[in-house]
Amino acid sequence: MKQLYDLGELPPTGRVPDRMYASVIRRERYGRPEHAFGTEIVDVPPIGRDQVLVYVMAAGINYNNVWAALGQPVDVIAARRRAGALEDFHIGGSECAGIVWAVGDGVRSLHVGDHVVVSSAVWDETAQDIRAGADPIVSTTQRAWGYETNFGAFAQFAPAYEYQCVPKPGRLSWTEAAAFMLTGATAYRQLTGWHPNVVRPGDPVLVWGGSGGLGSMAIQIARVLGGIPVGVVSTPDRAAHCRKLGAQGVIERTEYTHWGRLPDIDDSAAFDTWLAEVRRFGRQYWEKLGDRRSPAIVLEHTGQQTLPTSLYLCDNAGMVVICGGTTGYHGDVDLRFLWMRQKRLQGSHFANRKQCLELTRLVAQGYVDPCVGQVGDFGDIGEMHQQMRDNRHPAGNSSVRINAGLE
Ligand code: NAP
């Protein structure tokens, strides 16, 4: 009986070897993602009663493990060690598609051989806040899978909770199925999860990083819901990608200079300059939209560089909904605009199971394309995270083959 299989070599169905290949981050390698990951052979992790073991076919590349590789803003290995974990390494990967290879005693809805997509957050279903009715994704026990937790998707096998798994849409290849969930469900919650500020037919929506993973999904979801998305990008190629996905118009942010933190409000000359530039940006937004209306929803993830613009542009009683801070964590808010115009600044983080299922249905029915712009091999995991960090990755989502061959 073999104890280790090559990548792509299929063990007999349901047979779990002792060891597996994994792409591992170690603390001494924290820094540039291209150097932070290393292929190692490790023990296959055990599963709990309510978990399954997934034979990973393909995994999505996401910002989560850019941050894990950098060791910032959180040193995930040290944080877990403080909480009692024994492992001094991190196996990342926050979404994947694969085959159920073993099931825990308490699992009812999944069986060995099922094809699944694994979503990106875990929580304790017995937690007091969840039992009291909280949305699990806001539970104090919620963690990002394969980022805050160990043993994620960049390995031959990955343990996942039953509630994380949704049926793989049959029309998708493994590498497509592996890469839509994290960005897609996050964007779906941002656009539909924060009543009354949800996308309604005819609503203008502004999408930062329109050609990125989140942006590509957000443009399509906004369109399906009847919204009118306008994207912001940095190159003409990326603008073309957004238009192909259904953006009404696209703004190239390189034509503007007012990015970053707000000037001192007492420095009226600097503030007037900032205001002139943000209004010029706003006029171009109207022009691209084809209507003098402000965005009902601004989909934010870029953070420090863009948040002041987002808040200024957002419609009265509209919402800036933010799920990240790629360019920094200082989000300057001119409170005068916030309260006088009664705007909402809303944090949002991944999605609950219902939202994951609804998004998967849209993908399965062909309304939302996974937009996989790049597929790599196991050995490319570090380099692909580096490309993402440097903002030189192709438009859309990125995926990596783990056990899958060429499709
Ligand atoms: P991505 O594919 O790299 O897209 C990010 C986009 O941001 C890029 O396409 C880039 O577009 C744009 N961008 C980069 N620098 C910018 C700047 N200075 N100003 C304006 N735009 C800039 O990444 P992603 O997967 O969409 O993720 C984006 C962020 O969201 C990350 O910080 C990630 O951690 C976060 N996120 C959070 C969650 C959550 O659940 N909380 C889920 C998914 C993602 P242009 O250069 O073309 O403008």
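**Exercise 1.** Find how many salt bridges the rule gives across the interface of domain 1 and domain 2 in this predicted model.

*Solution.* Start with the domains. Domain 1 covers 19–180 + 370–401, and domain 2 covers 185–347. Next, apply the cut-off: a side-chain nitrogen of Lys or Arg must lie within 4 Å of a carboxyl oxygen of Asp or Glu. Now check a pair. The side chains of Arg189 and Asp135 form a salt bridge, at 3.1 Å from N to O. By the bounds, Asp135 falls in domain 1 and Arg189 in domain 2. The count across the interface is 1 salt bridge. The rule also finds 4 residue pairs in polar contact there.

**Exercise 2.** Describe the interface of domain 1 and domain 2 by its residues and its buried area.

*Solution.* First, the distance: the domain centres, taken over C-alpha atoms, are 29 Å apart. Then the residues: domain 1 brings 16 to the contact and domain 2 brings 14. Last, the area: about 1000 Å² is buried, with 51% from carbon and sulfur atoms. On the domain 1 side, Cys371, Asn391 and Ala395 lose the most area, together 35% of what that side buries.

**Exercise 3.** Work out which residues hold polar contacts to the ligand, and how much of the ligand the protein buries.

*Solution.* Begin with the surroundings. The ligand has 26 residues around it, and Ser234 and Thr326 are among the closest. Take the side chains next. An N or O atom of the Ser234 side chain is 2.7 Å from a ligand oxygen. For the Thr326 side chain, the distance to a ligand oxygen is 2.8 Å. Cys323 uses a backbone N or O atom, 2.8 Å from a ligand nitrogen. Finish with the area: alone, the ligand exposes 910 Å², and the protein buries 91% of that.

How values were computed
Residues are numbered from 1 along each chain as its sequence is written. This is a predicted model: local features need pLDDT of at least 70, side-chain atom pairs count only at pLDDT 80 or more; totals for chains, interfaces and linings use all residues. Side-chain values use heavy atoms; hydrogens and water are left out. Domain bounds come from an automatic or database domain assignment. Contact means heavy atoms within 4.5 Å. Buried area is the accessible area (1.4 Å probe) that two parts lose on being put together, summed over both. A polar contact is a pair of N or O atoms within 3.5 Å; within protein, one must be able to donate a hydrogen and the other to accept it, and residues adjacent in sequence count only if both atoms are side-chain atoms. A residue is near a molecule or strand if one of its heavy atoms lies within 4 Å of it. Accessible areas come from the Shrake-Rupley method with a 1.4 Å probe; for residues, only the protein chains shown count as cover.
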